Amino acid sequence: MAEDQLTSLLVKEPKGSNSGSRAITQTTLPPPAKDHIIKWLRVALYAIFGVSGQASALLLSRLYYQKGGTSNWVESVTQVAGFPFLLPYYFSQCTFSSTTVSSDNDDTVVEPKLSTLIFVYVCIGLIMAANSFLYSIGYEYLPVSIVSLVSASQLAFNALFSYFLNSQKFTPFIINSLLLLTISSVLTVSNNSIGELHGISDGNYTLGFICTFSATALYGLMLASQQLVFRKVFGNRQSLKHVMDLTIYPSIVASIVTLIGFFVSGDYKLISPEMDSYGLGQASYVMTLVWTAVCWQVSIFAGLGLVSELSALFANCIFAFGLPVNTAAAIAVFGEEMNVVKGVSMVLAIWGIISYSYQQHLDDCVDETKGSEVAEV
């Protein structure tokens, strides 16, 4: 009852010169605490699923090659073809979510043109396909811990692409982060002794590093592009349907492209021999590929959720914070060596990630201060 009286006092516009300020006070009330808590619960769930999905997918990808897998195109397909596992959830939930959002904002919501959506989905799908193929080469020739260390440089690439696509500013903390991540990557590739995989030559190790580094650059471009799509095409609407659309449709495009490469290259002929000679058996071969696809799709969906809720930069920071998780998991599962150079590279990478994250915290504080100043005017 007291809450209703307070609301009526705020809504009622009294006579006098201060009526405008009362109206502004009504519009600047903080959102309900429940909605704020639910939002951050969603962010926490996205972060947990993103990091765990990424770590599991990395381990399974390495397991595929370690136990007898040889096809980069098979690995590429598994990284992007997991979208069918999302379809039941998509059809059961997204229609209701889309209806709810549109019914509340019938006067302001303008759906993008079909041609625009097709262009967006095809472009992101092509980037995703190229990214998956390059990463598959890295998984073949590099240990999981090295792939994780090199992938930490995606923050630098995301900052670069966000500068052009999303007007990201370069500050001393971001520059410090870029330098640290660059040094970390240089240390990783310069120390050939950490190429621990048996039978991998220096040339293949270098090729794996170059492909992983290139894939990392494409991943930074993809996240920055996805934020641009949410901002320009979807109008910053945080709809589950838009997150699912930007997950599924580019994955369909990427799956078509990688399947074309799979058949054109003739790698489809390798499936039967690989299955027969796989170190863990035929059933394990199939399950390794299936669960790799599932884990990658969970990671992709969670990353898009973080981009939608906050930004591509925040999503990058979350995945980068998974670096110690990936490295620890690789050491525990595959017995990879933790030497001094790798430890120094990890420390520098984490230091760079913290520097980058702190700049994001400062930006958020500035935005909140500006918002409160505007509300008081």
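**Exercise 1: two cysteines**

Is C123 buried, partly exposed or exposed? Work it out for C123, then do C295 and look for disulfides.

*Solution.* Keep in mind that you're looking at a predicted model.
- Step 1: C123 has a relative accessibility of 30%. Buried means under 20% and exposed means over 50%, so C123 lands in between and counts as partly exposed.
- Step 2: C295 comes out at 14% relative accessibility. That is under the 20% cut-off, so C295 counts as buried.
- Step 3: A disulfide is a covalent bond between the sulfur atoms of two cysteines. Searching the whole structure turns up 0 disulfides.

**Exercise 2: a threonine in a helix**

Find T212, say which helix holds it, and decide whether T212 is buried or exposed.

*Solution.*
- Step 1: Scan along to helix α10, which covers residues 202-233; T212 lies in it.
- Step 2: The relative accessible area of T212 is 0%. Buried means under 20%, so T212 is buried.
- Step 3: Now see what T212 touches, skipping its neighbours within four places in sequence. The contacts are L134, Y135, G138, L142, V147, V150 and S151.

**Exercise 3: α4 against α6**

Describe how helix α4 (residues 72-80) packs with helix α6 (residues 114-141).

*Solution.*
- Step 1: Start with the geometry: the angle is about 125°, and the axes are 8 Å apart.
- Step 2: Roughly perpendicular stops at 115 degrees and roughly antiparallel needs over 145, so α4 is oblique to α6.
- Step 3: Check the handedness: α4 passes α6 in a right-handed crossing.
- Step 4: List who meets whom. On α4, the contact uses N72, W73, E75, S76, Q79 and V80. On α6, it uses M128, S132, F133, Y135, S136, I137, Y139 and E140.
- Step 5: Sort those residues by type, and you get 7 nonpolar, 5 polar and 2 charged.

**Exercise 4: α4 against α11**

Now do the job for α4 and helix α11 (residues 240-264).

*Solution.*
- Step 1: Here the angle is about 170°, with the axes 9 Å apart.
- Step 2: An angle over 145 degrees counts as roughly antiparallel, so that's the label for α4 and α11.
- Step 3: The crossing of this pair is left-handed.
- Step 4: α4 brings W73, V74, S76, V77 and V80 to the contact. α11 answers with S251, A254, S255, T258, L259, G261 and F262.
- Step 5: The tally is 7 nonpolar, 5 polar and no charged residues.

Methods. Residues are numbered from 1 along each chain as its sequence is written. This is a predicted model: local features need pLDDT of at least 70, side-chain atom pairs count only at pLDDT 80 or more; totals for chains, interfaces and linings use all residues. Side-chain values use heavy atoms; hydrogens and water are left out. Helices (H or I, at least four residues) and strands (E, at least two) are DSSP runs, numbered from the N terminus. Buried means under 20% relative accessible area, exposed over 50%, partly exposed in between (1.4 Å probe, protein chains only). Contact means heavy atoms within 4.5 Å. A disulfide is a pair of cysteine sulfur atoms within 2.5 Å. Axes are lines fitted to C-alpha atoms, for helices over the stretch in contact, and angles run from 0 to 180 degrees between N-to-C directions. Angles under 35 degrees count as roughly parallel, over 145 as roughly antiparallel, 65 to 115 as roughly perpendicular and the rest as oblique. A crossing is left-handed if the near helix is turned anticlockwise from the far one by less than a right angle, and right-handed if clockwise. Ala, Val, Leu, Ile, Met, Phe, Trp, Tyr, Cys and Pro count as nonpolar, Asp, Glu, Lys and Arg as charged, and the others, Gly among them, as polar.
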